[in-house]
Amino acid sequence: MNGEVLAFWVLAVVLVGSALSVVLTTNLFHAVLWLALALTGTAGVFLLLDAEFIAAVQLLLYAGGIITIVVFAIVVTERLVGERISQTSRRLAGGGIVATVLLGAIVSAVLERPLARAKPAVDGDLTRAVGDVVLTRFVLPFELLALLMLAALLSAIYFARPDD
Amino acid sequence: MGLQAYLILAATVFAIGLFGVVTRRNTIGILLGIELMLNAVNINLVAFARFSADVTGMVFTIFTICITVSEAALGLAIVILLFRTRRTVMADHLDLLKG
């Protein structure tokens, strides 16, 4: 067993375990912390796939940004009602069946196909290649993305503005 | 590890996220499930990009991460707004559009 296989299995256990905790724990705040662990584990998977830049973006934007926003939302909403928000689940059996059927369908489809077993060698820096492509071939979607984020943030501020 | 292992890992995380979206009663909990599902999609994109030696998938991952952040900010703003007006975050109680 070489290092990569070991790292993959450790990350897989962390990722699946923390994802299960996100959907099963009853404390909403704990669920967010488990989500942070799951997102960090995903950054580790990206590192295994030689995508250092994506891993950094994942840590900064996701694990940093989203977790902060969610914690803020919980704190603000709990202060508004002045009581703890319960985090319960319903229709566990139905949800379990739906998720299991979907997982079975995807896994059987994946197992049927002949897929690459080994990573092809990359020549040069992947981060540099990503940067080149973003500013040449994908420059229009990139600019549209900036517009989308501006619109989303402005509307978020508009929605959450104080009452006047 | 082959591409298969990464795809199955992503499918597992996606199914767990779907389970959360279906079963959670709290809207913030549903949003957390959606984050998990989008995260699984990102693993798929990066894995395919790496195994086909084509960076397009990684560019798409950057796009999806940015869109997810917008979605989270907007979704939580809506949750706060709902909380102000309806005093609840339980999805079952939000039946204003029910015919």
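Me: Which domains does the domain assignment of chain A give?

Reply: The domain assignment splits chain A in two: domain 1 covers 1–111, and domain 2 covers 122–164. Keep in mind that this is a predicted model.

Me: How many Å separate the centres of domain 1 and domain 2 of chain A?

Reply: Taken over C-alpha atoms, the two centres in chain A are 23 Å apart. As for contact, 4 residues of domain 1 of chain A meet 4 residues of domain 2 of chain A. On the domain 1 side, that contact has 2 nonpolar and 2 charged residues, with no polar ones.

Me: Now the two chains. How many residues of chain A are in contact with chain B?

Reply: A general idea first. Interface size is often given as the accessible area lost when the parts come together. Here we count residues instead. In chain A, 76 residues are in contact with 61 residues of chain B.

Me: Which elements of chain A give two or more residues to that side?

Reply: They are α1 (3–24), α2 (28–48), α3 (52–81), α4, α5 (126–135) and α6 (139–159) of chain A. The largest share comes from α3(A), with 15 residues. By class, the side of chain A that touches chain B has 59 nonpolar, 11 polar and 6 charged residues.

Me: How do I read a helix pair? What is the crossing angle of α4(A) and α1(B)?

Reply: Look at the gap between axes, then the angle. Helix α4 of chain A runs over residues 92–112, and helix α1 of chain B over residues 3–23. Their axes come within 9 Å and cross at roughly 160°. An angle over 145 degrees counts as roughly antiparallel, so α4(A) is roughly antiparallel to α1(B). The crossing of α4(A) and α1(B) is right-handed.

Me: Which residues in α4(A) and α1(B) meet?

Reply: Helix α4(A) brings residues including L92(A), V98(A), L102(A), I106(A) and V110(A). Among those in α1(B) are Q4(B), I8(B), A15(B), F19(B) and V22(B). This contact of α4(A) with α1(B) has 16 nonpolar and 6 polar residues, and no charged ones.

Me: Why do contact residues on a helix recur along it, rather than run in an unbroken row?

Reply: An α-helix has 3.6 residues a turn, so residues three or four places apart point the same way. Now take α2(A) against α2(B). Residues in α2(A) that meet α2(B) include L28(A), A31(A), L35(A), A38(A), T42(A) and V45(A). On the other side, I28(B), L32(B), L36(B), N39(B) and I43(B) are among the residues of α2(B).

Me: At roughly what angle do α2(A) and α2(B) cross?

Reply: Roughly 5°, with the axes coming within 11 Å. Helices α2(A) and α2(B) are therefore roughly parallel to each other. Their contact has 13 nonpolar, 4 polar and 1 charged residues.

Me: What span should α2(A) have?

Reply: Count 1.5 Å a residue. The 21 residues of α2(A) should span 30 Å, and its end C-alpha atoms are 30 Å apart, so the two agree. Just after α2(A), D50(A) takes a positive phi of about 60°.

Me: One more pair. At what angle do α6(A) and α3(B) pack?

Reply: About 15°, with the axes 9 Å apart. That makes α6(A) roughly parallel to α3(B). The crossing of α6(A) and α3(B) is left-handed. Among the contact residues are L145(A), M149(A), A152(A) and F159(A) of α6(A), and F63(B), I67(B), L74(B) and L81(B) of α3(B). By class, the contact of α6(A) with α3(B) has 16 nonpolar, 2 polar and no charged residues.

Methods: Residues numbered from 1 in each chain as written. Chains lettered and ligands numbered in written order. Predicted model: local features only at pLDDT ≥ 70, side-chain atom pairs only at ≥ 80, totals over all residues. Axes fitted to C-alpha atoms, helices over the stretch in contact; angles between N-to-C directions. Helix = DSSP H or I, 4+ residues; strand = E, 2+ residues; numbered from the N terminus. Parallel < 35°, antiparallel > 145°, perpendicular 65-115°, else oblique. Left-handed = near helix turned anticlockwise from the far one by under 90°. Contact = placed C-beta atoms within 7 Å. Nonpolar A, V, L, I, M, F, W, Y, C, P; charged D, E, K, R; others polar. Domains from an automatic or database assignment. Expected span 1.5 Å × (residues − 1).
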